[in-house]
Amino acid sequence: MNLISVSLIRKFYEFIPKRMPKSNERFSFGAKKLRYWCAKHMIAYCGNDVNIEHGATFSPKLRIGDYSGVGVHCELNGEITIGQNVLMGPEVIIYTQNHEFSNKDVLIKNQGYRETAPVKIGDDVWIGRRVIILPGVHIGTGAVIGAGAVVAKDIPEYAIAVGNPVRIIGKREIK
C-alpha cells in the first residue's frame, strides 16, 4: 500500500473506528473488525484476529502477533513488538523514547531526546490496567504485570510483577 493510502486510512481510523464503541458492547456496529482492518494497513505487522479497542493509539512501527489485544485508550508509542495471545488492559502506556537530561548545564527542554529503545513483549503475557512500560524493556513469555505497575526493567518469563517501581512477587507454576 502506498504512503498516501496509509495516511488516508490513519485519518479515517482517527475519526471513525477509534471512536466507535468497545468491542464487547451490545451494539458495537462491527467496530472490532473495522479497527482490525485499519491496523492491518497502518502498522508494521498485524497478526490474525488482533483486537484493537476503542480509543487506542499506536505507532506505525507496532508489530503485534496473533490473537493479541490492545486495550481501551492504550497508547503504544514507537517500535514495539507484542507476541501472540497477549492480554492488555485499558490505559496501558508504552514508551520507547525519553527526554535527554544528562547535562545539568543545559535546560532539559533544550537537550532533545535519547535514542529510541524498542520494547518487546513475549507470548501469553497479561498486562493489567494502567501499566506504564518504559523504553528498552523486555517482558518475557507468560509474565503477568499487575495493574498500575511502572515497568522500568526487564521481566523474566512467567514472573508475576507488581508495583511502582515494579518488583517480582512470584512465578507462575508450569503444570
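## A walk through the predicted model

Glu-53 is buried, with a relative accessible area of 10%. The model is a predicted one, and this acidic residue is a good place to enter it. Glu-53 forms a salt bridge with Arg-35. The closest N and O atoms of the pair are 3.6 Å apart. Arg-35 is buried too, at a relative accessible area of 0%. Glu-53 sits in the loop between strand S2 (51-52) and strand S3 (57-58), while Arg-35 belongs to helix H2, so the salt bridge ties together parts that are 18 residues apart in sequence.

Ser-23 joins the same neighbourhood through its contacts with Arg-35 and Glu-53. Ser-23 is found in the loop between helix H1 (3-15) and helix H2 (31-42). Its side chain makes a polar contact with the side chain of Arg-35, at 3.4 Å. A second polar contact, at 3.1 Å, runs from the Ser-23 side chain to that of Asn-51. Leaving out residues up to four places away in sequence, Ser-23 touches Ser-28, Lys-32, Arg-35, Asn-51 and Glu-53.

Now turn to the other salt bridges. How many does the structure hold? The count is seven. One of them pairs Glu-91 with Arg-129, with the closest N and O atoms 3.6 Å apart. This pair links distant parts of the chain, 38 residues apart. Glu-91 is in the loop between strand S8 (87-88) and strand S9 (93-94). Arg-129 is in the loop between strand S11 (126-127) and strand S12 (132-133). Glu-91 is partly exposed, with a relative accessible area of 23%. Arg-129 is also partly exposed, at 41%. Arg-130 enters the picture as well: Glu-91, Arg-129 and Arg-130 are linked in a network of salt bridges.

Another salt bridge joins the side chains of Arg-172 and Asp-124, at 3.4 Å from N to O. Arg-172 lies in the segment after S17 and Asp-124 in the loop between S10 and S11, so this contact ties together parts that are 48 residues apart in sequence. Arg-172 is partly exposed, with a relative accessible area of 32%. Asp-124 counts as partly exposed as well, at 37%.

Next, the strands. Strands of a sheet pair through backbone hydrogen bonds, either parallel or antiparallel. Both kinds of pairing appear here. An open sheet of five strands has parallel pairing, in the order S3-S6-S9-S12-S15. Which strands stand at its edges? They are S3 and strand S15 (150-151). Each has a single partner strand, so one side of each is left without a neighbour in the sheet. Within the sheet, strand S6 (residues 75-76) runs parallel to S9, and two bridges join them. Glu-75 has Ile-93 in S9 as its bridge partner.

The antiparallel example comes later in the chain. Strand S16 (residues 159-162) pairs with strand S17 (residues 167-171) over four bridges. Val-162 stands opposite Arg-167 in S17. The two strands form a hairpin, with four residues between them. In the turn, Gly-163 has a positive phi of about 95 degrees.

What fills the interior? In soluble globular proteins, nonpolar side chains tend to be buried together. The largest nonpolar core in this model has 38 residues. Ile-121 and Ile-133 have the most contacts inside it. The elements giving two or more residues to this core are H1, H2, strand S7 (80-82), strand S10 (119-121) and S16. H2 gives the most, with three residues. Ile-133 shows how the packing is built. Setting aside neighbours within four places in sequence, Ile-133 is in contact with Ile-93, Ile-94, Tyr-95, Val-119, Ile-121, Ile-127, Ile-139 and Val-151. Ile-93 in that group is the bridge partner of Glu-75.

Finally, the cysteines. A disulfide is a covalent bond between the sulfur atoms of two cysteines. The structure holds zero disulfides. Cys-38 is in none; its nearest cysteine sulfur, that of Cys-46, is 10 Å away. The cut-off for a disulfide is 2.5 Å between sulfur atoms. Cys-74 is in no disulfide either, and the nearest cysteine sulfur, again that of Cys-46, is 15 Å away. Where do these two side chains stand with respect to solvent, buried or exposed? Cys-38 is buried, with a relative accessible area of 0%. Cys-74 also counts as buried, at 1% relative accessibility.

Definitions and conventions:
Residues numbered from 1 in each chain as written. Predicted model: local features only at pLDDT ≥ 70, side-chain atom pairs only at ≥ 80, totals over all residues. Heavy atoms only, no water. Buried < 20%, exposed > 50% of the residue type's maximum accessible area, 1.4 Å probe, protein only. Polar contact = N/O pair within 3.5 Å; in protein donor to acceptor, adjacent residues only side chain to side chain. Contact = heavy atoms within 4.5 Å. Pairing = 2+ DSSP bridges. Core = buried A, V, L, I, M, F, W, Y, C linked by side-chain atoms within 4.5 Å. Salt bridge = Lys/Arg side-chain N within 4 Å of Asp/Glu carboxyl O.
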